[in-house]
Structure formats: C-alpha cells, structure tokens
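Here are my notes on the model, set out as numbered points. Please read them with the structure open.

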Amino acid sequence: MTELSGFHDVRFPLAISFGATGGPERRNEIVALTSGREKRNARFSQSRHHYDAGTGVRSLEDLHDVLVFFEARRGSLHAFRFRDPFDMKSCCPADTPSARDQALGSGDGATARYALVKRYGTGDEAYLRFVRKPAPGTLKVAVGGVEVSAGSFAFDDETGEIVFAANAIPPLGAAVTAGYEFDVPVRFDIERMSMSLTAFKAGQIPSIPLIEVQL
C-alpha cells in the first residue's frame, strides 16, 4: 500500500501560485454562558492554511502544468510545497530575509537543535508558527547577532530544526536567530480535476483547492 502521508519535495507551479487566493484558518469553540459571557477554546494550536489556485490559471500551458502536477501527485495522495503569495518570508514581503529576522532561542552551551519558527505579534501574546519547509538555499542563521557560515549548521527536514555542528553550538546567553524564505506543505483537497477551454490557447480550472498538512 502506498504511504498515505507521503511528501513529494517539489513545488507547485510558481507562476500559478502567485495568482492564488487563500489564507489561514482558525477553529475556536465558543460557548455562551448564562451570565452573558463567553467561554472560548482554541481547537488548533497552529493555524491551518487553505488556498485556491484556480484563479492563477490563465493559459493552456498553465492548465497543462496543473494537470501534469496533479497526476504526478496522484491527486490528494501526496503532499507538496506551495509558495504562499502573501506570506513567504521571515520578514515583510518587500524585504530581503536577514539572519536576524526571527528569534529561535538563546544558547546554553550544550543545545544544538533549535526549532525554525516565525513569530506573529509581540510579547507573550505572539504566535509562533513552525516552519517545516524553508526554501532551499535561503536559510541564514546568526548567533549573538553575527551570521554564521552555512557549514556551521544543517536543517533537519524530519523535525523542522536547525542543527548546529559540534564545534558551533551557541554559547551561554547568545541569541539564536534566522532568516529564510519558505513554502507551505499542502495537498490537493479534491479527487477530480475539472478543466475547460475558454478560448484559443486559453484554459480554465474553476477551482483548485489546496489544504495545509502537518508533517
């Protein structure tokens, strides 16, 4: 039997993804009390992103690219990388990622692993999103405000952690930070692709729903 949680380390066609719509979903349980107050409880600790890439299909070539990609993933069977057109960097969309963008923790002289995260908000109310798929070649890391060489660390794709080499473990009190571009792991949220030709060399797929998966 094919592994149901399989992940293909390929990216959905980039030109089409930039025309997609979508964003994060939160699910909260809200109970109205007899006093008139509410009791609220978060069902998800991490938000879950949904997208519709159908709006990004503009040509017959786009349609064919999606068809090939859908078949290669066996529909919804295998997850893949998707470039979120609204949130793809450790910094603001118009900026260039810096090794000092996101705080990952503080060194203690022994810890070699630090989860890669992106922070939304400030202080105790900030939301930390775990980033599992940094874009290849974009990850930068700094210790104590000084960017370290690429040979001083590696990224563990299985755990979503930065792993420092034995001779580069952050010393006590040193801030560990990182900057990167990233993709979202998603799968197709449909079992059938519906396509049509709207004009000469023009194609249309009304809806291509994608949903984020946890790895």
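1. What percentage of the 215 residues in the protein is buried? In this predicted model, buried residues account for 43%.

2. On secondary structure, the protein has 19 strands and two helices. Along the principal axes, its C-alpha atoms fill a box of roughly 65 × 60 × 40 Å.

3. Contacts that are distant in sequence deserve a remark. Taking contacts between residues at least 6 apart in sequence, 72% join residues at least 24 apart.

4. The largest nonpolar core contains 20 residues. F12, V66, F188, M193, I208 and L210 have the most contacts inside this core. Two or more residues each come from α2 (60–72), β6 (79–82) and β16 (184–188). Of the elements, α2 gives the most, with four residues.

5. V66 merits its own entry, being among the residues with the most contacts inside the largest core. Leaving aside residues up to four places away in sequence, V66 touches F12, I16, V57, M193, I205 and I208. Among these partners, F12, M193 and I208 are also listed with the most contacts inside the core.

6. There is a second core, separate from the one above, with 16 residues. L104, V141, V176 and A178 are included in this second core.

7. As to the surface, the accessible area of the protein is about 12,000 Å². Carbon and sulfur atoms make up 52% of that area.

8. The protein has 25 positive and 27 negative charges. The mean positions of the two sets lie 2 Å apart.

Terms used:
Residues are numbered from 1 along each chain as its sequence is written. This is a predicted model: local features need pLDDT of at least 70, side-chain atom pairs count only at pLDDT 80 or more; totals for chains, interfaces and linings use all residues. Side-chain values use heavy atoms; hydrogens and water are left out. A nonpolar core is a set of buried Ala, Val, Leu, Ile, Met, Phe, Trp, Tyr and Cys residues joined through side-chain atoms within 4.5 Å. Buried means under 20% relative accessible area, exposed over 50%, partly exposed in between (1.4 Å probe, protein chains only). Contact means heavy atoms within 4.5 Å. Accessible areas come from the Shrake-Rupley method with a 1.4 Å probe; for residues, only the protein chains shown count as cover. Lys and Arg count as positive and Asp and Glu as negative; His and the chain ends are not counted. The place of a charge is taken as NZ of Lys, CZ of Arg, CG of Asp or CD of Glu.
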